[in-house]
Amino acid sequence: MKTVIVENTVCLNTGDAAILLAIRHILKTAYAGELRFQVFDSQPEVASRLYPRQAYPDIEIRKLLSESIFKYPYDDNRLKNLAKPIYNRLALSALRHYGKSRALDDAMFGAEDRRSLDMYRKADLVVTTGGTYLVENYNLERRLNQFRIDATFGKGPVFFTQSLGPFDKDYNRRELKPVFDRSPLMLLRDERSRGHLAGMVDDPGKCHVVADSVFALADTARIQALLSAGTPPRPTGRVGISVRHWNYVNDGADGMRRYMDSIRDIATALVRDHGKQVTFVSTCQGVPEYAHDDSKTARAIVAELDADVAARVSVDAGFHTPEQLMELIKGFDFVVATRMHMMIMSLCVGTPVLPIAYEFKTRELAKRVGLADLLLDIDTVTPEEANAKLAAFAGNLDRLRATTIAAVLEEHVSAMSAADLIRPLLADTSTNVAGDGLPGFDKGATGLGHGDHEAKRHRVA
């Protein structure tokens, strides 16, 4: 049996949970023996409730160590924030001597943290999860600290399929380069992300562009049956819409109003012009402990619909696991998706998608599956454009279904190709590297709380 650590997960987000399940599926394909997964998440108690051991017996969810060991500025208490870098230096020093002094270990780390640190020491492979969290919209310090913990135990993390960069801040470039160089394998979702690594990776040959890992979960039998059928599937009369609030939309509140007006017009056209019933449902909802709830945005949109339209529109505000959400999506004729993993999970069960991009990752994906011309952009979308592209999409639905789900089969093969790349790493312990000599290691932790490297009010990734 081998033990795999998957770190930096946010399982309260169903899209991120789908990434975890896809990583698990790909690694089980790569390794014939038994694998156990120790998953380090920001909110493990809630994640363990949503994904219990009874249903996922090979997964244990624990607290992300960078968030339990280090301290971060979180308010305007200047005295507390000044003390945090001092504590972090002590914690970092204790980490580098972990296992050498029982008294020091007990003084600096609680029992659960010590158990987690022992897991890192014994792990056969460390994977930093896929997704989009190494982008400078977010404060990266918690992620950097997690990579520092990896380094103390000689673990070079595998970067599972990422959209990352660009890295324009000198601090981030300086701190991330040695992390990237230590990694034995970096999987990227698009060529643009690979371009963002220029000058930051000494061995670009270990960087591979493959499809988003969630395409590994595609229901290929269902898709092949849809493609081979002589006629299109019988319409259900139901359409799903995924929305989100986005802090970084152009024009701020005015931009969000424009986006929400555009979605409202889409819902109205679906009911009045296409005779559909509309369900708002997304990958981030139904978990009170999570910071994001897309159903709030959905309800705000629905509240301003005309009465005849609102009568045929509902908001599904409940939590759904990836398996449950994909089963639900099978009942839609198509989906209008802002969340990228709502788009991917829809395509994975053969349901066509009209995509709305809020970051470059969706634009890159739309190109890959033949939807670039119909893509809507949250920064520029207007009700007029939304209506026009909805009409074009619905008018060519059968053709688009065939072309996009055929592309999904290619994306599935690409996502699964990661198994071949990672198989040698599971066959030996080549991912272990020396724990000393990480450039910027001490300086990075020392700088915590000073605010000289990041705008600390940025969202934390």
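The following exercises, each with a worked solution, concern the fold of a predicted protein model.

Residues are numbered from 1 along each chain as its sequence is written, and the model is predicted, so that local features need pLDDT of at least 70, side-chain atom pairs count only at pLDDT 80 or more, and totals for chains, interfaces and linings use all residues. Side-chain values use heavy atoms, with hydrogens and water left out.

**Exercise 1. Confidence and overall dimensions**

Determine what the pLDDT values and the radius of gyration of the protein are.

Step 1. The mean pLDDT (the predictor's confidence in each residue, from 0 to 100) is 92, and 93% of the residues reach 70 or more. Over residues 434-461 the pLDDT is below 50, although this stretch has 86 contacts (heavy atoms within 4.5 Å) beyond near neighbours in sequence. Where pLDDT is low, the predicted coordinates should not be read in detail.

Step 2. The radius of gyration is taken over C-alpha atoms, and the globule rule is 2.2 Å times the number of residues to the power 0.38. For 461 residues a compact globule would have a value near 23 Å; the protein has 23 Å, which agrees. Along the principal axes, the C-alpha atoms fill a box of roughly 70 × 50 × 45 Å.

Step 3. Of the 461 residues, 57% count as buried (under 20% relative accessible area; exposed is over 50% and partly exposed in between, with a 1.4 Å probe and protein chains only). Among contacts with a separation of 6 or more, 72% join residues 24 or more positions apart.

**Exercise 2. The seven-stranded sheet**

Establish the strand order of the open sheet of seven strands, and trace its pairings through β4.

Step 1. Helices (H or I, at least four residues) and strands (E, at least two) are DSSP runs, numbered from the N terminus; the protein has 20 helices and 15 strands. Two strands pair if DSSP finds at least two bridges between them.

Step 2. The order is β3-β2-β1-β4-β6-β7-β8, with parallel pairing. At the edges stand β3 (59-63) and β8 (207-209), each of which pairs on one side only. Neighbouring strands are turned by 20° against each other on average, direction ignored.

Step 3. Strand β1 (residues 2-9) is joined to β4 by four bridges, and Glu 7 stands opposite Thr 128 in β4. Two bridges connect β4 with β6 (residues 158-162) in the parallel sense; here Thr 128 faces Phe 159.

Step 4. In β4 (residues 125-128), Leu 125 and Val 127 point one way, Val 126 and Thr 128 point the other way, and all are buried.

**Exercise 3. The six-stranded sheet and its helix**

Identify the strand order of the open sheet of six strands, and find which helix packs on it.

Step 1. The order is β11-β10-β9-β12-β13-β14, again with parallel pairing. The edge strands, β11 (313-315) and β14 (376-377), pair on one side only.

Step 2. Helix α11 (residues 252-272) packs on this sheet and touches β9, β10, β11, β12 (334-337), β13 (353-357) and β14; its direction makes about 175° with that of β9. Axes are lines fitted to C-alpha atoms, for helices over the stretch in contact, and angles run from 0 to 180 degrees between N-to-C directions.

Step 3. Four bridges link β9 (residues 238-242) to β10 (residues 277-280), and Gly 240 has Thr 279 as its bridge partner in β10.

**Exercise 4. Backbone exceptions**

Locate the cis peptide bond, and decide whether Asn 8 and Asp 251 are buried or exposed.

Step 1. The cis bond joins Gly 165 and Pro 166, with omega about -5°; Pro 166 is found in the loop between β6 and α8 (170-182).

Step 2. Asn 8 is not a glycine, yet its phi is positive, about 70°. Asn 8 belongs to strand β1 and counts as buried because its relative accessibility is 2%.

Step 3. Asp 251, also a residue other than glycine, has a positive phi near 75°. Asp 251 lies in the loop between β9 and α11 and is exposed, with a relative accessible area of 58%.
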